[in-house]
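This report describes one protein chain, going from single residues and their distant partners to the packing of two helices and the overall make-up.

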Amino acid sequence: MGKDASDRERLLRQFRVIFAGIMVPVALVGLAAGFVLARRMLKPIQGLIDTVRAIDTGRLEARVPDLGADDELNELARLFNAMLDKIRTLINGMREALDNVGHDLRTPATRTLAAVEMAAATKNDPEELREALLDCAEETRRMVSMLGILMDISEAETGAMRLRLGTADMAALVAETVEVYQYAAEEKGVGLSYTAQGPLLVTADADRIRQVLANLLDNAVKYTPSGGRVEVVAGRTDGAIAVSVIDSGEGISPDDIPRIFDRLYRADKSRSRRGLGLGLSLVRAVLYAHGGAIDVQSTPGAGSRFQFTLPVAVGAQADKAT
């Protein structure tokens, strides 16, 4: 038996036409949308590639454009830009530090060379030769001291500084350091006192903390005029031991405060005084190695206040809790 299939064939042709009429535009729209979305998704990556190529050619100021989108790729671009900013800051700091090292080492090196040439020009006068040797030794000691402090700062900042940790009484350390500087303060006509009710126990390298206190006291006495006062206050605050060195000296300019802890940085007023410009850098580095922090408040012409904090020793916290 046979049956006419023309109606079914006609229906299938119509179905194919309708299917093609629907699917072709859908496919074209899908391809266009996919192309647009792919370009949008890959645009931050392309910006990242362009930025890396620009930096490779020496343009350290190049940054990935912020498209303002709230997605993972744009967040990656922001983090990459933040990393570039930090790297640029570190590079600028290294360049400035190297410039300062070269500038500060040039003077003692020139003096040493002059002393050697002067000694060579003398006619074997033992006294003049001895003075020349002493001058060379003094300038060499200055250069060695600078390089040694720079090494200490680098070790502290990278976590490689070897600390002989133990339980130390901050009140006793303050008393010892103030006693050492008492004579220098009296000689300059500066009043020096301290307030520290112990025991104030911290886990620290006592020698390094003495170094911190000595640097802060040395600066305070040095920049306080005759008739002024320097006071050291130590006590507990918010689960930590806080030590403040307060002086009535020259103060620090607001423009200089953000940079006083930089290596070899010396404000214009302090360049006339002998020093390496490394004391405060070492202070911050040593405190960082101990898990501490330092803060400065200063008013030009009215004095400065340097305050650093260290965590309370674990045993001392337990004793206080009980």
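L147 lies in helix α3, which spans residues 126-157. The model is a predicted one. With a relative accessible area of 44%, L147 is partly exposed, because the range for that class runs from 20% to 50%. L105 is 42 residues away from L147 in sequence, yet the C-alpha atoms of the two are 9.7 Å apart in space.

R142 also belongs to helix α3. Its relative accessible area is 18%, so R142 is classed as buried, the limit being under 20%. R142 is likewise paired with L105, at 37 residues in sequence and 8.9 Å from C-alpha to C-alpha.

Two further residues can be described in the same way. A77 sits in helix α2, residues 72-121, and is buried, with a relative accessible area of 5%. T203 is part of strand β3, residues 201-204, and is partly exposed at 40%. The table lists the C-alpha separations for these residues and their partners.

| Residue pair | Separation in sequence | C-alpha distance |
|---|---|---|
| L147 and L105 | 42 residues | 9.7 Å |
| R142 and L105 | 37 residues | 8.9 Å |
| A77 and L48 | 29 residues | 7.1 Å |
| T203 and D169 | 34 residues | 8.9 Å |

Contacts between residues distant in sequence can also be put as a share for the whole chain. Among contacts with a separation of 6 or more, 68% join residues 24 or more positions apart.

The next topic is a pair of helices. How do the axes of α5 and α6 cross? Helix α5 covers residues 206-222 and helix α6 covers residues 279-289; their axes come within 9 Å and cross at roughly 145°. The crossing is left-handed. On the α5 side the contact is formed by R208, Q211, V212, N215, L216 and N219, and on the α6 side by G279, L280, L282, V283, V286 and L287. Sorted by class, these comprise seven nonpolar residues, four polar ones and one charged one.

The α5 positions in this contact can be read against helix geometry. An α-helix has 3.6 residues a turn, so residues three or four places apart point the same way.

R208 is located in helix α5. Its relative accessibility is 15%, so R208 counts as buried. Beyond its neighbours within four places in sequence, R208 is in contact with D152, M161, L163, V286 and H290. Of these partners, V286 is one of the α6 residues in the contact between the two helices.

L216, another α5 residue in that contact, has a different set of partners listed: outside its neighbours within four places in sequence, L216 touches V245, L280, V283, I294, F306 and F308. Which residues touch the most other members of the largest nonpolar core? They are M170, L216, F306 and F308, in a core of 48 residues. F306 and F308 are thus in contact with L216 and stand beside L216 in that list of core residues. In soluble globular proteins, nonpolar side chains tend to be buried together.

On helix α6, the buried residues are L280, S281, L282, V283, A285, V286 and L287. Among them, L280, L282, V283, V286 and L287 also take part in the contact with α5. After α6 comes G291, which has a positive phi, near 80°.

It remains to place these elements in the chain as a whole. The protein chain contains seven helices and seven strands. Their order along the sequence is α-α-α-β-α-β-β-α-β-β-α-β-β-α. The chain has 322 residues, of which 31% count as buried. Its exposed area is about 20300 Å², with carbon and sulfur atoms supplying 58% of that area.

Conventions:
Residues are numbered from 1 along each chain as its sequence is written. This is a predicted model: local features need pLDDT of at least 70, side-chain atom pairs count only at pLDDT 80 or more; totals for chains, interfaces and linings use all residues. Side-chain values use heavy atoms; hydrogens and water are left out. Helices (H or I, at least four residues) and strands (E, at least two) are DSSP runs, numbered from the N terminus. Buried means under 20% relative accessible area, exposed over 50%, partly exposed in between (1.4 Å probe, protein chains only). Contact means heavy atoms within 4.5 Å. Accessible areas come from the Shrake-Rupley method with a 1.4 Å probe; for residues, only the protein chains shown count as cover. Axes are lines fitted to C-alpha atoms, for helices over the stretch in contact, and angles run from 0 to 180 degrees between N-to-C directions. A crossing is left-handed if the near helix is turned anticlockwise from the far one by less than a right angle, and right-handed if clockwise. Ala, Val, Leu, Ile, Met, Phe, Trp, Tyr, Cys and Pro count as nonpolar, Asp, Glu, Lys and Arg as charged, and the others, Gly among them, as polar. A nonpolar core is a set of buried Ala, Val, Leu, Ile, Met, Phe, Trp, Tyr and Cys residues joined through side-chain atoms within 4.5 Å.
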